[in-house]
Structure formats: C-alpha cells, structure tokens
Amino acid sequence: MKRERGYALMETVIYISLLVIISMLVTNGLLTLMRSLGAAEMKSDLTNNATLALERLEREIRRARSVTTIATGDLTLDTGARFFRSGNILKESYGGVNEASLTETRFNLSSLSFYATSSAKSKLVSFAFVL
C-alpha cells in the first residue's frame, strides 16, 4: 500500500485555527499597547501644556511691579499683561491686543483663581488652575 504525502483536511483545519487564535492574541496585544501609548502621550502633552502656562504666568508676575486688577479668573499686571479665562482656555493679552492661548483647546480648564497678599515688605500673587 502506497502512502501519499501531504496533510489531511483535519490537520489543515487545526493549523489554521491555531494561526487565527495566535493572530487574534497578537492583534489584541498591539491594540492594547497602542491605547496605552496614546493615553501616555495625552498625559505628557497635558503636563507640558500646564508647565508652559505656569512658566509664562510666573515670568510675567515676577516681571511686574504691581497688580492692576485681580479677580477670580482675571489678572492684569502693570506690564500690560492680562491673564484670563475664556471659556475653557487660559489666555493672555497685552494692552487688550495680541490675545494668545496658553492652554490648548483639547484640554479643559475647569478652574482658574488668582490671589493677592501683601505685607509691609512684599507683595505676593499666587494662582491656581486645574486642567
């Protein structure tokens, strides 16, 4: 009796099934990795955006000699710089012109507060915001 070479139908079905299962596991792992990478990138962008806004606020406050106007979501300095909340974005302007966003529109500025404290020797401006 002569034996033929090749695969039986049942072997082929089993191999294809194993290949499909392995492919699904690899694809699921890659999709999870991509989602995690996207979330990490979003957190990094948020941190960078908040850091840049803080640095800008700090630089202008240090440069100023006095505060012209201070309110919950609005700060105007004697340098002409004004920081304010417009919708869900932190913005700055100089002399009412050259308005620029300090935070990106994809990040929601949920609160913005400015506080002024003074003593006999110094003045303090502090601020808090939540992105």
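How many bridges pair strand S4 (residues 89–94) with S5, and in which sense do the two strands run? Three bridges, in the antiparallel sense. The close-ups below start from that pair and work outwards through a predicted model.

**Figure 1. The S4–S5 hairpin, seen up close.** Two residues sit between S4 and S5 in this hairpin, and Gly-95 in the turn takes a positive phi of about 60°. Across the pairing, Lys-91 has Ser-101 of S5 as its bridge partner, while Glu-92 stands opposite Ala-100, also in S5. Gly-96 belongs to the loop between S4 and S5, and with a relative accessibility of 68% Gly-96 counts as exposed. If you want a distance to check, try Gly-96 and Ala-81: they are 15 residues apart in sequence, and their C-alpha atoms are 8.5 Å apart in space.

**Figure 2. The S3–S4 hairpin, on the other side of S4 in the sheet order.** Here S3 and S4 run antiparallel and are joined by six bridges. Arg-85 has Leu-90 of S4 as its bridge partner. Again there are two residues between the strands of the hairpin, and this time Gly-87 in the turn has the positive phi, about 70°. As for how much of S4 is hidden, five of its six residues are buried, so the strand is mostly covered.

**Figure 3. The whole five-stranded sheet.** Pull back a little and you get an open sheet with antiparallel pairing, in the order S1-S2-S3-S4-S5. S1 and S5 stand at the edges with a single partner strand each, so one side of each has no neighbour in the sheet. On average, neighbouring strands are turned by 15° against each other, ignoring direction. Helix H1 packs on this sheet, where it touches strand S2 (74–77), strand S3 (81–86) and S4, and its direction makes about 35° with that of S4.

**Figure 4. Helix H1 and its buried residues.** How far should the 55 residues of H1 reach? At 1.5 Å a residue the expected span is 81 Å, and the end C-alpha atoms are indeed 81 Å apart, so the two agree. The buried residues of H1 are Asn-49, Ala-50, Ala-53, Arg-56, Leu-57, Glu-60 and Ile-61. The packing partners of these buried residues are S2, S3, S4, S6 and strand S7 (123–130). An α-helix has 3.6 residues a turn, so residues three or four places apart point the same way. Leu-52, also in H1, is a contrast to that buried set: its relative accessibility is 54%, so Leu-52 counts as exposed. For a sense of scale along the chain, Leu-52 and Gly-29 are 23 residues apart, with 35 Å between their C-alpha atoms.

**Figure 5. Arg-106 and its two acidic partners, Asp-45 and Glu-104.** Side chains of opposite charge can pair when their charged atoms come close. Arg-106 meets Asp-45 in a salt bridge, 2.7 Å from N to O. Arg-106 lies in the loop between strand S5 (97–101) and strand S6 (111–118) and Asp-45 in helix H1, so the pair ties together parts that are 61 residues apart in sequence. Arg-106 also forms a salt bridge with Glu-104, where the closest N and O atoms are 2.7 Å apart. How covered are these three? Arg-106 has a relative accessible area of 43%, so it is partly exposed; Asp-45 is partly exposed at 22%, and Glu-104 is partly exposed at 33%.

**Figure 6. More salt bridges: Asp-74 with Arg-82, and a four-residue network.** Asp-74 and Arg-82 meet through their side chains at 2.8 Å, N to O. Asp-74 is buried, with a relative accessible area of 18%, whereas Arg-82 is partly exposed at 30%. Elsewhere, Arg-56, Glu-60, Arg-63 and Glu-92 are linked in a network of salt bridges. Two of its members, Arg-56 and Glu-60, are among the buried residues of H1, and Glu-92 is the residue opposite Ala-100 in S5. The count for the model comes to eight salt bridges.

**Figure 7. Confidence along the model.** The protein has a mean pLDDT of 88, and 96% of its residues reach 70 or more. Among the elements, helix H1 (residues 9–63) has the highest mean, 92, and strand S1 (residues 67–71) the lowest, 83.

Note on methods: Residues numbered from 1 in each chain as written. Predicted model: local features only at pLDDT ≥ 70, side-chain atom pairs only at ≥ 80, totals over all residues. Heavy atoms only, no water. pLDDT = per-residue confidence, 0-100. Helix = DSSP H or I, 4+ residues; strand = E, 2+ residues; numbered from the N terminus. Buried < 20%, exposed > 50% of the residue type's maximum accessible area, 1.4 Å probe, protein only. Pairing = 2+ DSSP bridges. Axes fitted to C-alpha atoms, helices over the stretch in contact; angles between N-to-C directions. Contact = heavy atoms within 4.5 Å. Expected span 1.5 Å × (residues − 1).
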